[in-house]
Amino acid sequence: MSMDKGKRKVYLITRERGFSLTVGAALKDEPFDLAVVESVREAAVAMGTEEVAMLVADLAAVPMAEREMLTRVHRERGNFALFMLETIETISPKEAGPLRRLSWPLPAGFVDAVRAVEKPTVFLADQALFAAKALQLLLPSAGIQPMVMEVHTGVGQFVLDQVKVPDSPSAPPPTPRKRSIWDKFKGDDEPEAPSSSGPQLQHVVVANFPGTALQAEAFDVQLRKVAPETRCYLISGADPLRAAVKCVQEGQPVYLMRDQLQHLLPIYRSSMGKASAGAALKERETVVLLDTDKDAQAQLGTALLDGGYEVIVARDSAHMESLVQKKGQLHLAVIGTAIAYAKGTGKELAAKLRQADSDLRIIFMVDKFPIESVVERLSEVVELGVDDTLIKPVKPVHLLTAAEKALQRRRDIMEIKRLNKEMEEKNAQLAQINSFQTKFFQMVAHDVKNPLTAILGYCEVIAAKLRDNADAIKYSSHIHSAAKALNMLISDLVDLAAIESGKLRVDMVSVDLATVVNEVRSRIDVVAGQRKISFGVLVPPGIPSLAGDPNRLGQVIQNLCTNAIQYTKEGGSVGIRVDLSPQWVTVSVLDTGIGIAKEDIPKVWQRFFQTAEAQKMRKGGFGLGLKIAREIVQRHGGEMGLESELGKGSRFFFTLPMPKAS
């Protein structure tokens, strides 16, 4: 397969055509070029020195003996992500091999395979998983009695002790006994002693392992030197997807079940810091658990693990407090309030936790007796903002229900915070844009309008000086018309800048509205006549003097009339009508023009808005006139309105308050 220009290579090791097609479909719209090979050696040769983004190994196609070769290629080459895709067959202990890694909960059918194969198996459980006794409770329920070791370092030494051959040839023959896992390591052929309690599988060790994956690999190598048949697994209770991202970032291989292929790209993108909303990894929420009753604590911890949460079992209240100091790492604290050997009460601990992380959710578990203690704990739900209080003994299903409710509350709070932050960022961006816009408009007002005024003045001078030169008069007239149109546009921008900054000037005096209307009429008559549009004015007698700015009111009326003529076809009509009522004077501009669609009517007052029909007819303009007009009317204590029907015409109107009787 050839690599497209600009795409990075992804190598897939598999022998299944169907699976290669599945991977190819997943990468179809991605900036990767897929190359399929059938072996580790073929991949190592094909990769050469070219830039590789990912090597994806279907471990069903990789013999157990070649796994270490695969990780060695990754270690030596680096600079690419290695994904190891397991199946239930490849993780089975049936075949010996190097350390395998699994996440909790264990894949379906795996424990049955361990029981059926009966090979010596060591589970290195991380500290959280071991403290929650997840494996220790699961295995016996499946008919496997594990050997539990609190310190993993003892496993290796124990193996060494068991495989030693007795020095003395005269040693008495051993007493027949039931063969253990370590007897099998020795190759002892002694028959098993009959068991009175039925078959008990003794070939599994569960050890507490606080180290890293690399340390686990080194431990596995040493263990297999002593007992080559040992199958060793590193089991983690941590969020597998977050852990996978960290592995890619640290140059470590990622182990996934093959049916988790959909997580491959999100993991890769997140490790590169490029996760998109559609491909973001869903975070596994972390619960920290602390209780005096260690058996109940283990049972509840396992239930939380099986419920899909990452669980950390705190040693004591100080340990829990130190964990919460890592803000953002923990989501829920479950506290047994009667904490043995604690320096403070559960209430005091909860208060400290909330102080350290205000987003942390908290659930109390309280003893049933004395009843006064229960009542006191319940009151703390309100006082401390504790999410729930459960009465001991707590059933796992009740804790899971309470945990989900508490965490859903946290999700809601975090989403609100995210939206508020997003809104603040958007507001800051808008403020920045508005600031730039205001400065721009101010620049237009001072640096553009002044020279434009000079152009208009010189055009008038040229027209007066060259009255006998027809061509000069014609060219001067064109310049004057264009400059005048530009001046009107700039005036709109200046007015908008004044509105945005709250500095629109309105000089209130006594106004004769009839005079204002007639002045507008004298200017509009000429334009209406040129476009062959009939123009009429209906003003009732006796309009009282109003408080207002005659220039600004004239600006509003002229804007409405100009728009009406602009959007009315030849042969139509435009008119001004003034109506009186006890409280209001209403000035209407009516036309038989193109009209406005119902859904567009609320938008016409927005700056820069023009309807689709208006854009087809209008030769220029910013779409600011109506916004400016409305602002002027509102400064006079009135309001603007609109009645319109698409294709039939419009009525724009504004109201002004009548003067109060003295």
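Two residues are in contact when heavy atoms lie within 4.5 Å. This is a predicted model, in which local features need pLDDT of at least 70, side-chain atom pairs count only at pLDDT 80 or more, and totals for chains, interfaces and linings use all residues. Residues are numbered from 1 along each chain as its sequence is written, and side-chain values use heavy atoms, with hydrogens and water left out.

**Exercise 1.** Work out which residues L560 touches, leaving aside those up to four places away in sequence.

*Solution.* With those neighbours set aside, the contacts of L560 are V589, L626, M640, F652 and F654.

**Exercise 2.** Describe the largest nonpolar core, a set of buried Ala, Val, Leu, Ile, Met, Phe, Trp, Tyr and Cys residues joined through side-chain atoms within 4.5 Å, where buried means under 20% relative accessible area, exposed over 50% and partly exposed in between, with a 1.4 Å probe and protein chains only.

*Solution.* Begin with the membership: this core has 45 residues, and L513, I557, L560, C561, I576 and F654 touch the most other members. Next, turn to the contributing elements, where α19 gives the largest share, 7 residues; helices (H or I, at least four residues) and strands (E, at least two) are DSSP runs numbered from the N terminus. Finally, another core, of 41 residues, lies apart from it and includes L129, F130, L399 and A406.

**Exercise 3.** Place R521 and decide whether R521 is buried, partly exposed or exposed.

*Solution.* First, R521 is found in helix α18, which covers residues 513-530. Second, R521 counts as partly exposed because its relative accessibility is 31%. Third, beyond residues up to four places away in sequence, R521 touches F535 and V537.
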